[in-house]
Each structure stands twice: as C-alpha cells, then as structure tokens.
Amino acid sequence: MPFVVFVLAAAVFAQGTSEFMLSGMLADIAADSGVSLGEAGLLTSVFAVGMVIGAPTMAMAASAVPRRVALMGFLALFALCHVVGAMTANFAVLLGTRLVAAVANAGFLAVVLASLPVLVRPSLVGRATAVILSGVTIACVAGVPAGTVVGQLWGWQSAFWAIAALSAVALVVLWPTTSALAGRGGGSAPVWTEWRVLAQRRLLVVIGLGVLVNAATFAGFTYLGTVATAVSAPGSTWVAAALALFGIGSFLGVTVAGRCSDRYARRIITGGAVVVTALWVLAALSAHTLPGVLVLALVSGAGSFGMGSTVIASIVSSASATAPRIAGALATTAFNLGAIAGPAAAGLAVGDAAQAHRAFWISAAFGAAATLVAVLAARRSSAARAEEAVAA
C-alpha cells in the first residue's frame, strides 16, 4: 500500500476526531460562549449538515483544479477553521467555523476517495478505502478520548489547536507524496454531466445500501453510551469501555473487510447485511446486561463498519469509471446521510434514558431494509447473468 494512503488516513483521523470530540466539551464551550447547552449542541448538528452539503458541491468545485491542489486547499481551510475557532469565544463565529470546517472535510474526503483508483491498483481500491476509513474508526477509539482529555486539562481551545497542528503536519507531508494527482483527472466534459451516473440502477442500489447500513450503525452508536450507563454504576468506566470496544471493533471490521472486499465484495455486502441485522437484534436483546452490552459493542462495531467500508468502496469503484470527479462525493454523501438519518430515527423511538435500547431495534430495522435491498439486487443480478448466458 503506498505511503500516501496512510498520510491521507492520518488527515482523515484528525477530521474524524474534530467531528466527534465536542461531545465531551459542550458544557465548557457553552459556559465560555454564554449559550445554553442545547444551543452548544448545534455545533455537532451543523457539522453533519455541512458534511452532506459539502460533499457534492465541493467535489464539483474541485474539478476545476488539479486534485493535488484541491486536497491541499481543503486541508488548509480545515486547519484554518480550527485556528479561528480556538481564538474566539463568540458562538456565532464558532458555529460558522464548524460549518466551513465540515464543508472542507467533506470536500477533502470526496477527493480522497475519488483519487484512490489513481493512487493504487484497481485490485487494491477496497483495501485502500478501508485504510482511509480506519482513520475515522481510530478517531473514535483514540482521537476523541484524547481530544476530550486535552480539552479538560488545558481548555477546549487546546483541542482545536491540536487538530490544527495535526492537519498542518499532514499538509506538509502530503504535497511531495501526491504528485500522481497533479492533473485534474476526469476528462474534458463538464463535471455536471457526471451526475448522469445516477441513472445506473446498480449504483443507486449500492448508494441506498450505504445510507441504510450507516443509518443502522449510527442509530445504535449514538445511544450506546446511554445504554451502558443504564446497566453500570454511576460514574463507572464501563461506559467509556463500551464506546472504546465499539471503536476497536470498527477498526477490526474495516481492516479485515478491506483485505477481502476487492475479491468478495458482493458476498460481503449480501451476507454482511444479514449479519449486521442479527447483531443489532442481539444487541437489543442483551441491552439489559453489562456483559451483553460490552460484547455486542465490539462485534456490532466490527460487523457494521466492515460492511459499511465495503459498500463505500463499491460506490467508488462503480462510479469512478464514468464519474471519476464525483465518485468520492457520492460515497461521502451516502455515509453522512446515514449518519444523520439513523440518529434522527432513533431519537423518535427513544423517549428517555430508560428506552435507549430501542435505538438498537431501529438499527436492526435499517439492517433488515439493507438485507432486503441486497437480496433483491443479488437476485436481479443473477437473473441478468442467466439471460446473458442463454443469449450467448
């Protein structure tokens, strides 16, 4: 695997840490900014919205410049937003920096995913995608707790400075390692013509699967800490352990799936949908016991992110031939639409902390929908191959 892929993963790690680390600092940010805790929570919501908006718009904007320049620009803007955020106590300004940082993050990730077919051999696109997404999972395991600790020890601004510094280091290393991306790539046709790729039924199916699988993942993950709190003593370290186990499982899932997805993507997606559904059902049934919560946190994280990374790689592979400039945006949008839809649906089912386990049933429902879509798509594909064989 080329070194540049790991550098890109490090940049994604910084961005993933930034996205999720505020959950442990909202009270301090609210106090310093003079807003309520609920208003401070908008910093998380606006980041998710920025990711969804930024993926397609920034992918199109980036098509006008070489991919190398686009990557540098997005990463520099992301770092700058954290510098500004660390230097202000004005909530409106801070909210604005979160939105712009999310747009830059989405643009960076979209260009990265679209560039993988250029950076690695076709047979390694799935594995490279897993390495990139492992940056997000490691952020959940190590980056978010570390950022929270830094913020608690030296103030929330120090966590912003740390993200800016890590992004700056990645920026310096990326320039000499991305010479293969010096060209724009994607041909001379206007970028908007690439959106015609959405007329392909197979691609739409894979994008839909990406939304459903990630909705299942984030519906359950959002309430995992609440479920763990309900079955452990107040102030117990088991809550952090449950979240860490989910992150560890996620990392293992993308690592293992990444080594197999290029060759067995269809089997992983179809079988994985069934497995993910079963895991979330087991998680819901085991939510009343601490051992059950801990074990299912590990295995559901592995199954969800293992299948999720395979679907994301499949979106990129399916779209890159005819829509190389927006392939990464399609994958990024599917991921983030799921990250918004899952928690939103779970929130409708969870009335209070005692009902938090219902989120796992919502995850299972999304998984069941993904299973249905995957099975129907597999049957249609098999029928089409049979017709071609008869015609031949």
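This briefing walks through one pocket and three helix pairs. Keep in mind that the model is predicted. The pocket is the second largest one, with about 560 Å³ of space in it. The helix pairs are H5 with H8, H4 with H13, and H5 with H6.

**The second largest pocket**

- There's about 560 Å³ of space in the second largest pocket, and 24 residues line it.
- If you want to find the middle, look for Arg202, Val206, Arg266, Ile269 and Ala377, the lining residues closest to its centre.
- Four helices each give two or more residues to the lining: H9 (201-222), H11 (238-285), H12 (290-320) and H14 (358-391).
- Which helix gives the most to this lining? That's H11, with eight residues.
- Sorted by class, the lining has 12 nonpolar, six polar and six charged residues.

**H5 against H8**

- Helix H5 covers residues 67-86 and helix H8 covers residues 156-177; their axes come within 8 Å and cross at roughly 160 degrees.
- Angles over 145 degrees count as roughly antiparallel, so that is how H5 lies to H8.
- The crossing of H5 and H8 is left-handed.
- On the H5 side, the residues that meet H8 include Arg68, Met72, Phe78 and His82. On the H8 side, Trp156, Phe160, Trp161 and Trp175 are among those that meet H5.
- By class, this contact has 17 nonpolar, four polar and one charged residues.

**H4 against H13**

- Helix H4 (residues 42-62) packs with helix H13 (residues 327-349) at an angle of about 165 degrees, and their axes are 9 Å apart.
- That angle makes H4 roughly antiparallel to H13.
- Is the crossing of H4 and H13 left-handed or right-handed? Here the crossing is left-handed.
- H4 makes the contact with Ala48, Met51, Val52, Ala55, Pro56 and Ala59, while H13 brings Ala329, Thr332, Thr333, Asn336, Leu337 and Ile340.
- The residues in the contact of H4 with H13 split into nine nonpolar, three polar and no charged.

**H5 against H6**

- H5 turns up again with helix H6 (residues 91-119): the axes of H5 and H6 come within 8 Å and cross at roughly 155 degrees.
- H5 and H6 are therefore roughly antiparallel to each other.
- Their crossing is left-handed.
- In the contact of H5 with H6 you'll find 18 nonpolar, six polar and two charged residues.

Terms used. Residues numbered from 1 in each chain as written. Predicted model: local features only at pLDDT ≥ 70, side-chain atom pairs only at ≥ 80, totals over all residues. Heavy atoms only, no water. 1 Å grid on protein atoms, 1.4 Å probe; cavity = no way out; pocket = protein on both sides within 12 Å on 5 of 7 lines; lining within 4 Å. Points joined across faces, edges and corners; volume = space filled by probe spheres on them. Nonpolar A, V, L, I, M, F, W, Y, C, P; charged D, E, K, R; others polar. Axes fitted to C-alpha atoms, helices over the stretch in contact; angles between N-to-C directions. Parallel < 35°, antiparallel > 145°, perpendicular 65-115°, else oblique. Left-handed = near helix turned anticlockwise from the far one by under 90°. Contact = heavy atoms within 4.5 Å.
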